Amino acid sequence: MPCVIVVGGQWGDEGKGKIVDHLTARAQGVVRYQGGPNAGHTVVVDGRRFALRHLPSGILHPKVLSIVGNGVVVDPASLLQEIQDIRAAGVQVDANLRISDRAHVILPEHRVLDAQSEDAKGEAKIGTTRRGIGPAYESKVARLGVRMADLRNPQVFQDKLAAYRSARFRRLTDQPTTDDKTQEAYLEYAQLLEPFITDTVELLHSRMEAGDRLLFEGAQGTLLDLDHGTYPFVTSSNSSAGGACTGSGVGPARVTGVLGVFKAYCSRVGSGPFPTEQKGESGDRIRERGREYGTVTGRPRRCGWFDGVLGRYAVKVNSMECAALTLLDVLDEFEHVPVAVAYEYQGGRIESLPADLEAFARCQPVYEVFPGWRESITGVRRFEDLPVACRAYVDRMEKLLQCEVGLVSVGPDREQTLRRAGNRLERWLPE
Ligand code: GDP
Ligand code: IMO
Ligand code: MG
């Protein structure tokens with residue numbers, strides 16, 4: 001019963017959805033373990049595009065169990081809309097989608113507080129998705145949260161909502177920001193979601209006992225992780241591999257391995273330092289070629305070159321032993337492809353991520369420049385058929401990351417995924 005964690009190695013949007021969908025062909029279950037509708041995971045099947053927010057990217061495989069784990073914060077209205085949309089596209093979810101009864105619920109107040117907090121910060125804003133993610137996790141940590149299980153019992157829900165409102169709003173604004181329709185609406189959502197809500201810990205363990213192979217799908221990325229990311233410009237959960245255990249109820253001893261997903265360059269949505277960001281023509285070219293606009297908010301993503309310092313850091317904090325390199329085709333037209341191998345800071349050279357964000361913001365990348373391959377690779381189906389310069393780039397990535405690159409992605413579609421023979425994934429999830 002292999003358990004493989006798939007985690008983003010950068011600031012999110014690395015193509016996790018595509019890679020999880022690809023690997024699901026070799027698994028029987030996929031678990032989302034943190035985040036909520038701040039995530040936007042795109043899966044393209046035969047040219048059809050699916051944008052998933054709460055749902056695991058395994059959902060498009062009808063026989064695979066899809067679990068929204070206890071570590072996820074669920075916005076019931078948004079999840080119901082997502083279920084409705086995917087049903088309308090002909091995907092069945094009734095038999096294979098399950099939602100943890102321990103998952104916390106995003107309330108309308110959380111969304112309002114998220115927006116208020118961002119507006120109050122002005123220039124210093126984090127650039128959140130304004131989906132209420134931070135305030136929902138705050139409620140969880142403050143032990144004021146409402147969980148999916150609470151929605152089942154109207155009296156319990158009413159009491160918890162009242163307790164949350166009185167504690168939160170007395171301290172902050174003295175203004176409950178939603179009317180009492182919330183209660184009515186949420187109890188209706190609860191009825192619609194009831195068939196999916198269950199004890200997913202018991203379910204997962206019984207599936208493991210039965211020998212199922214499981215994937216754990218991270219949202220966001222390592223540099224947005226609350227502990228290991230570029231704090232405070234992060235999300236409010238542990239998106240790195242450690243979060244997979246707390247967010248699902250499967251202990252570390254059961255984890256077979258961690259696959260890191262990296263773009264062949266870097267992108268970031270929202271604020272915060274980004275040493276290899278390209279504000280000029282190169283950044284614009286990457287953005288247009290990679291269609292780098294947010295799945296959730298439509299915001300243009302900030303784009304720049306691959307950062308080997310941050311990549312190596314991500315490999316460490318997640319114990320990644322294998323990596324997928326995605327969106328490699330986006331670099332097809334570039335004459336030169338720079339990659340950061342270290343930083344220059346205060347006249348010296350550093351090769352790790354400083355905790356002090358002021359220092360990080362002043363780090364200047366030291367680049368190694370690679371010759372581009374200048375031909376389209378989107379039609380290539382075997383790693384050995386990639387242009388020599390492109391393979392050299394991938395080889396250098398491996399050395400920089402100190403992690404093998406087992407998968408290379410050359411386009412958004414399922415078949416645009418190249419496997420390298422003999423990599424760890426073949427052992428973790430054999431055909
Ligand atoms: P996620 O949040 O990590 O799942 O990534 P997103 O779905 O937000 O962003 C990745 C985008 O790149 C999506 O639009 C994917 O369809 C697309 N994509 C994934 N892999 C590739 C690839 O190898 N090449 C290209 N051109 N697009 C890709
Ligand atoms: P996926 O799963 C990229 C960013 C936001 C903001 C910060 C905090 O698709 O990779 P939040 O709303 O979580 O409080 O915002 O995190 N962010 C993401 N950036 N991809 C994501 O998800 C993101 N989810 C949140 O832009 O900077
Ligand atoms: Mg995304």
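Which residue has a polar backbone atom 2.8 Å from an oxygen atom of ligand 1? That is lysine 16, in what is a predicted model. A few notes follow.

1. Housekeeping: local features need pLDDT of at least 70, side-chain atom pairs count only at pLDDT 80 or more, and totals for chains, interfaces and linings use all residues. Residues are numbered from 1 along each chain as its sequence is written, chains are lettered from A and ligands numbered from 1 in the order in which they are written, and side-chain values use heavy atoms, leaving out hydrogens and water.

2. Backbone contacts to the ligand don't stop at lysine 16. Leucine 327 has a backbone N or O atom 3.0 Å from a ligand 1 oxygen, and for glycine 411 the distance is 3.0 Å too; a polar contact here is a pair of N or O atoms within 3.5 Å. The protein covers 93% of the 580 Å² of accessible area that ligand 1 has on its own (Shrake-Rupley method, 1.4 Å probe).

3. Around ligand 1 there are 19 residues, each with a heavy atom within 4 Å of it; Lys16, Gly40, Thr42, Asp329 and Ser409 are the closest. The shell splits into four nonpolar, eight polar and seven charged residues, with Gly counted as polar and Asp, Glu, Lys and Arg as charged.

4. Worth a look on the backbone: tyrosine 231 and proline 232 are joined by a cis peptide bond, omega about 5°. Aspartate 46 has a positive phi, near 50°. For context, most residues other than glycine have a negative phi, and most peptide bonds are trans.

Notes
A polar contact is a pair of N or O atoms within 3.5 Å; within protein, one must be able to donate a hydrogen and the other to accept it, and residues adjacent in sequence count only if both atoms are side-chain atoms.
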